[in-house]
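Here are my notes for you to read alongside the model. Take them one point at a time and keep the 3D view open.

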Amino acid sequence: MSTTTTAAQGDDHGHGHDDHPKHLAHHFESLEQQFDAGKLGIWSFLLTEVLFFSALFVAYTMYRSNYPEVFQYASQFLDTNMGALNTIVLLLSSFTIAWGVRNAMLGQLGLLKMNLVITLLCAGGFMMIKKMEYEHKFHEGTLWSGNVNTIFRLDPNDVPEDMKHHSTAWDNRNGEFTMAVKDLDPEFRQKLGIFFGIYFCLTGLHGIHVLIGMILMIWLLIRAMKGEFGPTNFNAVDFGALYWHLVDLIWIFLFPLLYLIS
Amino acid sequence: MIPVALLPTLLQHTQEDFWFPSQAARNASMVDELYYFIFYVSLFAFIAIVLATAIFAVKYRRGKVGMNPEDSPHHSTSIEIVWSVIPSLFMVAMFWYGFQDFVVMKQIPDNAYEIQAKAKKWDWKFVYPEGVESFGGNIDMHDGGEGMVVPLGRPVSVRLESSDVLHSLFIPNFRVKMDVVPGRYNYLWFEPTELGEFPLYCAEYCGTRHSRMLAKVVVKSEEDFQQWLKDQVVDLATLPPAEAGFEVWKKNGCAACHNTEGVNGIGPFLNGKYGSTETLADGSTITVDDNYIRESLLDPNSKVVAGFKPEMTSFAGQLNDDEISYLIAYLKSLNE
Amino acid sequence: MPSTNTLDRTNYLNATKGFMSWFWTIDHKRLGLMYLWSVIGCFMLGGFFAMKIRLTLSGDVDFASQTAEQMNAYNNAFTVHGAVMIFLVIIPSIPAALGNFVVPMMLGTKDVAFPKLNRFSYHLWIIGAVLFVATLFIGNLDTGWTFYPPYSTGHTDPSVITAVLGAFILGFSSIFTGLNFIVTIHKMRPPEMTWFKMPLFLWAIYATALIQILATPVIGISLLLILVEKTMQIGIFTPELGGDPVFFQHLFWFYSHPAVYVMILPGMGVMSELFATFSRKPIFGYKSIALASIAIAIFSFIVWGHHMFVSGQSELMSVIFSALTFSVAVPSAIKVFNWIATMYKGSISFSTPMLYGLSIIWLFGIGGLTGLFLATLGTDVYFHDTYFVVAHFHYVMVGSALFGFLGGIFYWWPKMYGVVVDNMASKIGCLMTFVGFNMTFMPQFIGGSKGMPRRYAAYGESAGFDGYNEASTLGAMVLMTGLFIALGSLLWSLKKGKKSPSNPWGGVTLEWMTPSPPPEHNFEIDPPVVGDPYDMTLVEWKGEEEGFLPVNPRADDPCVPDVKPSA
């Protein structure tokens, strides 16, 4: 999927001139052209990613503007602290990968490797936190409309008995929420399922992109360990970092839209 | 602003012509007129470009001109402006007339008589304000339905609802169409101007029998229409059980899936079936008796005859016990 | 043997041998050829289902006795026909098969910007194709290529899952192809070739690529949502769960309308090349055509609602979409006028490629003009979901896009394979295809305006549509025969075709400045980039054998091996 697979990577001889350095692909005239092409390529690709997510943001906008109270109420079920932690973790990882690009440009392979590892760890941390959040939701039954265990049914008799027993959201037994789900107007309750449908789609798709980013980081790490990057050969790190920044940016939008609206 | 449809039109015609079926509703002529406007403009443009192409191809063919043509301009701002502006003006006109017609189509008259059209896979049921119901009626379907019966000369609006998937109600002779979307009501309206029967189609793909989700529209005079409404209010208790059963059969759209002429469709044909022995999907056999028929209506997918899919919707809550008895009597009568 | 033909020497076709040298190639020319044959193969698959449709509608189908199985078979046929033709054939056709082959050469470069991504695009196409074909064996696919919920998500077999997955992957193939072309055209043009000195085919490919990268991701997410709705009942399109089925239609058509311009723009690009070359004249109104291509690409994004006038969307939206839809008609009309004006005082050759080009004037004329009836609200309400629409889109997608593809294949065939196909058989193939096409689809306009609805497995006798269906099927037989003759003429040429010089037609775009077929890296020496891609005086006719050669050849010009360098 990366658009930077063209350059044949090897040791950097660094003496440009008219003999082709090993990491200059045969169809490019110069390293500069190769870099420019790669840059335009990755930005175009990121544009396609934005459009890929756009439909979900449009769905969010449409349903929220039609049912604002439903979304406000639903947001209570999301753990703002976890979300904030995730935001911090991703921001940190963006910082380390950006620093890593600089390391690659300056040939500081040791620092580059360190930063790639930290970025990876942050990404992993993000996924762990996400996993915990998802597990909590499955336990609580705060799920999308069509899930068998969702508590957001038109008819309360359709909610499985064991769900009613262990979901604290169902009867608000801990008084955490403004109202118990079972006491809500049925239509309102059913629309909550739509909020969670959008929540799982958005965060799920985002999570898949984080995983892809992690694979990308591992690939960069392996190449860094082989000593491949340097002042005339850092394209892959630069472009990989751009991808990572977009993944972070999408989360920066998701977080307030989903977690901070109650 | 006077809606175009109210102006007397020279082109109004009731017969079918080369392109269209006959016009049978007030708004049909405005649609046809708009069509002919676009058609003649397009035809003129088409002939012009084809003629120009043909003439140039012949006049400047290589055999005559040779390999190297003489110099000629490669662009001309004035010509290009002319041939951009003129088509644009025609398009503005097309949009405008289309928009006006659309406004007419969307503004349902206040005094419209509202019929509810209930769509489901794969039949139409029509419910009238007086509580009367009818269905189907397409002449190729032989389903015994009355169709959507409407009075001549009065605006009729149709409230569209679906209980399952997307459908669309299309009456070519009235030039009306509107999708039927589950979860909401959509509307269309028309004012019939001709007596007679006209086909009604489903125009949004809805599954296997989409092509059989057909009905008819029957336009009656006001007097006949009122009489028809009265005749529909049938007290089933006054009829012989088998006849009452046939009324229940018609009103619930059974013919959409069950034939009574010996041909299997989505569901098995039912003539001659009462009392017979059938093999179920799991290999066991049952007798088609009163109990089996009752169970098939209330819990249809528990004992499905082999070779058919468990697709029948349940009529629990829709048929009361009397209606079920009448149906059983009707099916029994099909053994003769 | 022309001196500029390399079939008896090393060229890109024979430079390396073996399955892996083709399957794992990054050479844009080999990838282009593989796409070409793959697309032709899938075209025949789609055509098989088209025949099934036509034979069902005009065969001995008895409305009363048609069984559920037969109805299902028909519903599958139109679904698979549409999905295969759109996703596997027409959308990739010109960009992936012809564009890949020609674009780098037109730019005077060795390859596209990202050759490995190009290879990956092709492999993704294969995976998508396999998934589609697998679907045929898994089960019933009868949603129509449009996959509208709630039917597709709640009333269908699991085969919908593989089909949707296939379409999703094909979407990525298309995105990466477009992305590659955008970067190639931006970053790999020779310095003398400024934007307004590019051949119009490149403008067309560029505009197409813009649409590919901006619109395709939206169908990607829409299909993903169908998958998630069907497998997990996420609820977003299902009314019983609080969702909205019309929302899907908006998402779907947001891509699928611009997608039709992905289909037609490259065909229009081919038209510009054909009309210039075969009139031996610069194209009339170059700048207008270039800008019109971009305008079409931009406007294509703001008209999708014209597929939804009767869906229940608000009246205001319908009115706005109708008005905007006309905006797309004007640039298209301008192009047609420009092509015709190119012929004025030209030297017109009736070569096979030009015959396809001339056919397109007729076919796109009808296809484009019938679009006006559908842009207009008052008439679209009537025509929506009737055969009028089916006829309209076949005139533009087949009559224009496919004919553009065929014209382009015959035009660049000498460059691809070193042989020219321009004989009685190829011309009859074109003529028969043209006649057969009109015979097939003209009756459908009339049937549609008589009220014949789409996607029906059979019509009752009283409906009165039988005559139109029978006429259409007869036409389909002629169409199919014509296409087979055309294909036959191409295949025959591979064995027995007349060897082609570097420039048999007299074009002056750079791909003609290298031998036929080209060497592996396209050009032995850098081609001369003089600036005007349509200055026909740069080449002159040297007879049947040598074709057109540069008037002022440079030293060591491989296209003119025996000519001394100019003084």
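1. Let's begin with how chain B is divided up. Keep in mind that this is a predicted model. The domain assignment splits chain B into domain 1 (2–63 + 76–106), domain 2 (113–232) and domain 3 (236–333). Notice that domain 1 is written as two stretches, 2–63 and 76–106. How far apart are the C-alpha centres of domain 1 and domain 3 of chain B? They lie 53 Å apart.

2. Now find the sheet in chain B. It's an open sheet of 5 strands, in the order 3-2-1-5-8, and the pairing is mixed. Which strands sit at the edges? Those are strand 3 (133–135) and strand 8 (186–190) of chain B, as each of them pairs on one side only. Going from one strand to the next, the twist averages 25°.

3. Zoom in on one pair from that sheet. Strand 1 (residues 113–120) and strand 5 (residues 156–162) of chain B run parallel, and 7 bridges join them. If you'd like one bridge to click on, try Glu114(B): its partner in strand 5 of chain B is Ser157(B).

4. Last stop, chain C. Look for Thr4(C) in the segment before helix 1 (19–23) of chain C. Is Thr4(C) buried or exposed? Its relative accessible area is 1%, and the cut-off for buried is under 20%, so Thr4(C) counts as buried. While you're there, follow its side chain: the side chain of Thr4(C) reaches the backbone nitrogen of Ser502(C) at 2.7 Å.

Notes: Residues are numbered from 1 along each chain as its sequence is written. Chains are lettered from A and ligands numbered from 1 in the order in which they are written. This is a predicted model: local features need pLDDT of at least 70, side-chain atom pairs count only at pLDDT 80 or more; totals for chains, interfaces and linings use all residues. Side-chain values use heavy atoms; hydrogens and water are left out. Domain bounds come from an automatic or database domain assignment. Helices (H or I, at least four residues) and strands (E, at least two) are DSSP runs, numbered from the N terminus. Buried means under 20% relative accessible area, exposed over 50%, partly exposed in between (1.4 Å probe, protein chains only). A polar contact is a pair of N or O atoms within 3.5 Å; within protein, one must be able to donate a hydrogen and the other to accept it, and residues adjacent in sequence count only if both atoms are side-chain atoms. Two strands pair if DSSP finds at least two bridges between them. Axes are lines fitted to C-alpha atoms, for helices over the stretch in contact, and angles run from 0 to 180 degrees between N-to-C directions.
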